[in-house]
Every structure is written in structure tokens, then in C-alpha cells.
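Reader: Please go through the ligand sites and the internal voids of this model with me. Short answers will do.

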Amino acid sequence: MVCTGRVYAVGTGEHRGRPPRRQADARRHYPDWLDRAVFYQVYPPSFRDHNGDGIGDIPGIIQSLDYLQWLGIDALWLNPCFVSPFRDGGYDVADYYRIAPRYGTNRDLYRLCREAHRRQIRVCLDLVAGHTSTDHPWFKASCQPRRNKYSDRYIWASSGPNAEAGMPLSFVRGHAERDGSYVANFFYFQPALNYGFAKPTQSWQQPIDAPGPLETRRELVKIMLYWLGHGVDGFRVDMASSLVKMDPGHRETIELWRDIGQRVRAMFPDMALIAEWGNPEESIAAGFDIDFMFHFGVGGYPDLMLNDDCFFRRHGGGKIRAFLEPYLEQAAKTNHKGLISIPSANHDIKRPCADGRTAKDLKVIFTFLLTWPGVPFIYYGDEIGMRYVSGLASKEGGYGRTGTRTPMQWDDGPNAGFSDAAKDQLYLPLDPHRNRPDVQKQASDASSLLNHVRGLIALRRRSPALQAIGTLMPLQVNDNDRHFAYMRQSGNERFLIVLNPSAEPCLVRLNGIRPAGTSPQICHGAQARVEGDGVQIRMAGVSYGVFKV
Ligand code: NOJ
Ligand code: CA
């Protein structure tokens with residue numbers, strides 16, 4: 001299907017100071033820079049408050065760029081920072097073209113891009129493509145009983161009998177004088193934008209090439225071009241699979257994204273498109289560069305990070321298989337076409353430092369995340385082991401997610417260096433723990449989690465074998481193994497990674513593999529001894545080793 005009409009960009013295609021572009025490999029559609037990229041996710045109200053009003057802001061992020069450069073990350077993903085009533089942390093947009101005043105101005109965002117690019121860091125925004133806030137002027141116009149330009153911008157079911165019957169959609173009635181109900185995409189105040197239905201069965205359902213859905217699509221492209229034209233490097237797309245309704249196998253949604261991707265890449269070929277889809281096989285086919293495996297979708301992530309009996313727990317007996325099998329299946333289906341990301345966490349799930357995990361456990365987790373293929377995403381504060389803070393009152397639709405969104409801990413001064421505001425003015429309370437970790441303390445401690453993460457990023461940076469497409473070779477996994485060993489290779493460069501997240505020590509015997517030299521690259525509690533044609537590694541409880549082989 002072809003989308004008609006003119007789209008335009010504001011600003012120029014090549015932004016001054018943008019990190020240099022490399023030639024793309026013809027086999028792949030994703031930009032080369034993603035091969036070695038490590039992303040860092042910032043939840044803007046909680047990162048750093050520059051003007052002392054208690055809420056993190058864009059000038060605060062600019063102020064933190066030196067830290068991010070020191071850490072070694074390549075790109076930022078910012079949660080939504082557009083005008084919004086913030087009933088869902090900004091995932092309820094009221095103006096896609098304007099930065100929320102509490103975070104600064106559009107000019108601040110442009111400056112952030114320039115300053116980040118100076119440090120070879122790219123900036124990706126969050127594109128809430130599936131819905132807006134009920135406060136959006138488009139929706140207000142759409143609520144009017146009289147037909148207007150926005151009547152078909154959202155999905156409205158007629159009020160006739162059985163109009164909503166048996167439909168796998170959420171309908172909201174009684175909101176407006178317009179007769180009928182609107183479809184909500186997530187919370188009730190997030191009306192679904194109208195991209196049409198795959199196979200309309202009711203008169204109120206429009207096909208994807210009806211004028212209303214085509215206009216919505218054009219507007220989405222316009223929004224993307226607007227921000228790219230001002231220096232932004234890509235988007236993480238919220239609920240990317242949700243656009244076309246009642247779309248089995250997401251076939252039409254995949255086509256829609258292909259079309260959008262083509263239009264936008266024609267002007268910005270180096271843009272990164274990151275899906276919140278949870279099914280790499282589908283999202284990569286849709287033209288996304290990266291998709292996440294996480295708490296929903298094709299599975300695996302909860303068995304790795306979240307469940308009581310997941311692999312990365314000292315107790316609970318979790319095995320790597322439950323993660324590895326779905327991962328390998330997805331990797332085989334997407335090989336060379338797009339990348340899979342296993343994030344440390346995000347704003348929707350518990351941080352890894354929860355439920356009794358300590359910095360020691362997180363070192364094992366980060367050893368995995370930063371030596372695994374695909375694109376690592378570090379959620380702000382996980383690099384110092386910030387805790388999930390339980391028992392907080394919900395903030396801006398966060399509910400159980402609120403404890404994952406507390407202010408960044410920069411130092412041991414007032415408000416942990418997050419803000420000069422009075423304590424009761426902070427966006428969210430800080431972790432009250434007496435020994436809460438902070439950047440300053442950990443930066444000066446060579447054995448800290450922060451320096452471990454920084455060391456791993458640096459190793460990944462200089463080692464193509466550890467980057468996105470270095471070959472992955474999982475070594476034999478037996479049914480009862482609580483450890484996991486795998487190799488990564490690119491050309492002649494080979495690494496062996498061994499992880500033991502369990503509290504119990506273990507002995508790992510590997511045939512036909514020998515560490516080069518005696519000292520591992522990065523290691524804690526893993527002692528290797530050459531034995532015959534192989535190696536024997538004595539692993540303490542909660543240990544890891546990264547060896548060159
Ligand atoms: C996914 C986002 O990550 C989440 O925070 C948000 O509440 C929903 N999508 C709705 O936009
Ligand atoms: Ca502020």
C-alpha cells in the first residue's frame with residue numbers, strides 16, 4: 001500500500017556536529033553505528049534538575065553529558081518529553097512538536113543534540129505513535145459532534161446496537177457530545193489514533209487506506225521528520241505493534257511501518273528506529289533496527305531477570321535455557337537484518353537491584369548484558385545499582401512502576417545531587433536507604449559496580465567480537481547447570497564468558513578451549529587452569545570471567 005501526499009522536514013538533513021556516518025552493509029538495513037552502540041535510557045523528570053524546581057530537565061541532561069561520555073555510552077533514549085498532562089509519565093502527548101515546559105524548550109532539546117554530538121553521543125526520543133492524551137487539540141476537535149478535520153483522527157465506534165460486541169478493544173463511552181465511544185489504546189485517557197483496521201467488519205471501522213488513517217500516518221511521518229531535522233538521531237516507538245487494529249500477525253502494521261521507515265530513511269538514512277514490540281521476528285520485518293526482548297512478547301526476559309526462579313538469582317534454581325531457547329530462535333529469524341536488545345531494565349519494570357540482589361549480583365548481570373550480541377540498553381542508575389524503591393505512592397500513572405523511577409543518585413550531598421529544591425518538592429522521593437549508592441562514591445572506587453560497567457563498555461568498544469554482530473556460540477548447557485558459558489567471535493578475536501549467578505560454587509570444564517595467557521580480561525571469582533586440551537574454571541558463588549581465547 002502506498003501513502004500519498006507531501007511530507008516535509010523542518011531544518012536540514014545533515015545536522016552539524018552529528019557523529020560521522022559510515023557506509024551501510026547491503027545485507028542489512030540498520031545503520032552501521034548500531035553495531036557497537038551501547039544505549040542509556042533517561043527518564044527525564046528523575047535524572048538531573050538544573051533549575052531547582054525539583055523536576056529533572058533537559059539542561060540537567062546536558063549538564064550530565066560529561067558523565068555519560070566518561071561512562072562510554074553511544075546513545076541516549078529519552079522517555080517522552082513533549083507537552084503533556086503527565087497522567088502516564090508523558091505517554092499521553094498533547095503536542096508532539098513542543099517540549100514540555102517543565103523540561104525546558106525546543107531550543108534546549110536542539111542544544112542537547114548538539115552537545116551530545118560533540119561527545120559522539122546520539123539522541124533518540126520516544127515516539128508515542130499509537131495514541132495521544134485526551135487533552136490533545138486533535139482529540140478535542142475529534143470529540144465535536146460536527147464533522148471536522150479531526151473527526152477521523154481517532155477511532156470512534158458508532159453507538160448502534162452491538163457496535164462494540166466481541167471486539168478485542170477497549171471502548172470509552174460518555175466522554176464527549178459526539179455520539180459513540182472512542183477506542184483507548186492503554187489507559188482510558190489515551191485515545192487510539194486511527195490507522196485503520198486490517199479487515200473492517202463494521203461501518204465505523206475504516207480501512208487502512210481511507211483518508212482518515214492516511215492523514216494520521218502522514219502526520220506521524222511529519223513529526224518524525226520535524227525532530228530529525230532538528231538533530232535527533234532516532235526514536236524508540238511506544239507500542240509500535242498497536243497501530244492497525246484487529247490485525248492478525250500484525251501484517252498491516254508491518255506494512256505500515258515499512259512504508260513509514262522508507263519515507264523517513266529517504267531523508268535520514270542513519271536514523272535508528274527502535275521498537276517497543278517484543279517480537280523481533282515481526283518488528284525487524286517491519287523495518288525496525290532494534291527490538292527488545294523483555295517483560296512481554298516472545299518471552300525469555302522474565303526467566304532471565306524478573307521471575308523468582310529466573311537465571312540471575314542466587315537461589316531459586318533458574319536455568320539459562322528458558323531464556324536461551326526463545327532468544328536463539330528470534331536471533332536466527334532476524335540474523336543480520338536487525339538487532340535484539342536485552343535491557344538492564346526500563347521505566348515499566350523493577351530495576352535489577354531488587355528482591356535481595358546486591359552490587360555483586362549486578363556485576364554478573366552486567367557482564368552478561370555487555371558481552372551479549374545485539375544492543376545493550378542501560379536504564380539510568382542501574383550502572384550504580386540504584387534500588388527499586390517499594391511502597392511509594394503512585395506518581396503520574398506509574399503505580400508499581402513508580403519505584404523504578406526515583407531520582408538519580410549523583411553524590412552524597414543534599415537530594416543526592418539531583419536537585420537544589422526542598423526535599424518535599426522533588427518529583428519523587430529519593431531512595432531512603434542509608435547506604436544508597438551514588439556516582440561520585442563509585443567513580444572513585446576501582447572495585448565499584450560503576451567501574452565494572454565502565455570497564456565492560458570499554459572492552460566492548462575495542463573488541464568487535466563482543467559487539468552487536470560478533471558470532472555467539474553458547475557452550476553446552478546441561479539440564480542442571482546453574483552456570484552459563486559462551487563464546488563470542490569476530491575474525492581471529494575470540495572471547496570466552498563464564499557466569500555463575502548462583503550462590504553455590506561450581507567447576508566448569510571446557511574441552512578444546514584455552515584462555516590466551518593466564519589473566520582474564522574481567523573477572524571475579526573465576527580461576528582458570530589449563531587441563532589437557534581444554535580448561536577447567538573454578539567458579540566461586542556469584543562470579544564471572546571474561547577470557548580471551
Ligand atoms: C509503554 C510505555 O513504556 C509505558 O510506560 C506506557 O505507560 C505505555 N506504553 C502506554 O503508552
Ligand atoms: Ca527542573
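**Cavities and ligand sites**

Author: In this predicted model, there are 2 cavities of 30 Å³ or more.

Reader: What volume does the largest cavity have?
Author: The largest cavity is lined by residues including Tyr96, Trp138, Tyr195, Thr216 and Glu219. Val128, Ala129, Leu193, Leu220 and Ile223 are also among its lining residues. The volume of the largest cavity is about 50 Å³.

Reader: How many charged residues are in the shell around ligand 1?
Author: Residues surrounding ligand 1 include Asp88, Arg236, Asp238, Glu276, Asp348, Arg401 and Arg405. Tyr91, His131, Phe186, Met239 and His347 also belong to the surroundings of ligand 1. By class, the shell has 3 nonpolar and 2 polar residues, and the number of charged ones is 7.

Reader: What share of the accessible area of ligand 1 does the protein cover?
Author: An oxygen atom of ligand 1 lies 2.6 Å from a polar side-chain atom of Asp88. For a polar side-chain atom of His347, the distance to an oxygen atom of ligand 1 is 2.8 Å, and for an N or O atom in the side chain of Arg236 it is 3.1 Å. Of the 300 Å² of accessible area that ligand 1 has on its own, the protein covers 98%.

Reader: Which residue coordinates the calcium ion (ligand 2) through O, and at what range of distances do the donors lie?
Author: Asp49, Asp53 and Asp57 each coordinate the calcium ion through OD, and Asn51 does so through OD1. Along the chain, the donors follow the spacing D-x1-N-x1-D-x1-I-x1-D. The coordination distances are 2.3 to 2.4 Å, and the residue that coordinates through O is Ile55.

Reader: Is Asp49 buried or exposed?
Author: Asp49 coordinates the calcium ion (ligand 2) through OD. Buried here means under 20% relative accessible area. Ile55 meets that description, and Asp49 is likewise buried.

Key
Residues are numbered from 1 along each chain as its sequence is written. Chains are lettered from A and ligands numbered from 1 in the order in which they are written. This is a predicted model: local features need pLDDT of at least 70, side-chain atom pairs count only at pLDDT 80 or more; totals for chains, interfaces and linings use all residues. Side-chain values use heavy atoms; hydrogens and water are left out. A residue is near a molecule or strand if one of its heavy atoms lies within 4 Å of it. A polar contact is a pair of N or O atoms within 3.5 Å; within protein, one must be able to donate a hydrogen and the other to accept it, and residues adjacent in sequence count only if both atoms are side-chain atoms. Accessible areas come from the Shrake-Rupley method with a 1.4 Å probe; for residues, only the protein chains shown count as cover. Ala, Val, Leu, Ile, Met, Phe, Trp, Tyr, Cys and Pro count as nonpolar, Asp, Glu, Lys and Arg as charged, and the others, Gly among them, as polar. Donors are N, O and S atoms within 2.8 Å of the metal (3.2 Å for Na, K and Ca); water is not among the atoms, so sites may look incomplete. Buried means under 20% relative accessible area, exposed over 50%, partly exposed in between (1.4 Å probe, protein chains only). On a 1 Å grid over the protein atoms alone, a cavity is a set of points where a 1.4 Å probe fits but cannot get out, and a pocket is an open set with protein on both sides within 12 Å along at least five of seven lines; lining residues have an atom within 4 Å of a point. Grid points are joined across faces, edges and corners, and a volume is the space filled by probe spheres set on the points.
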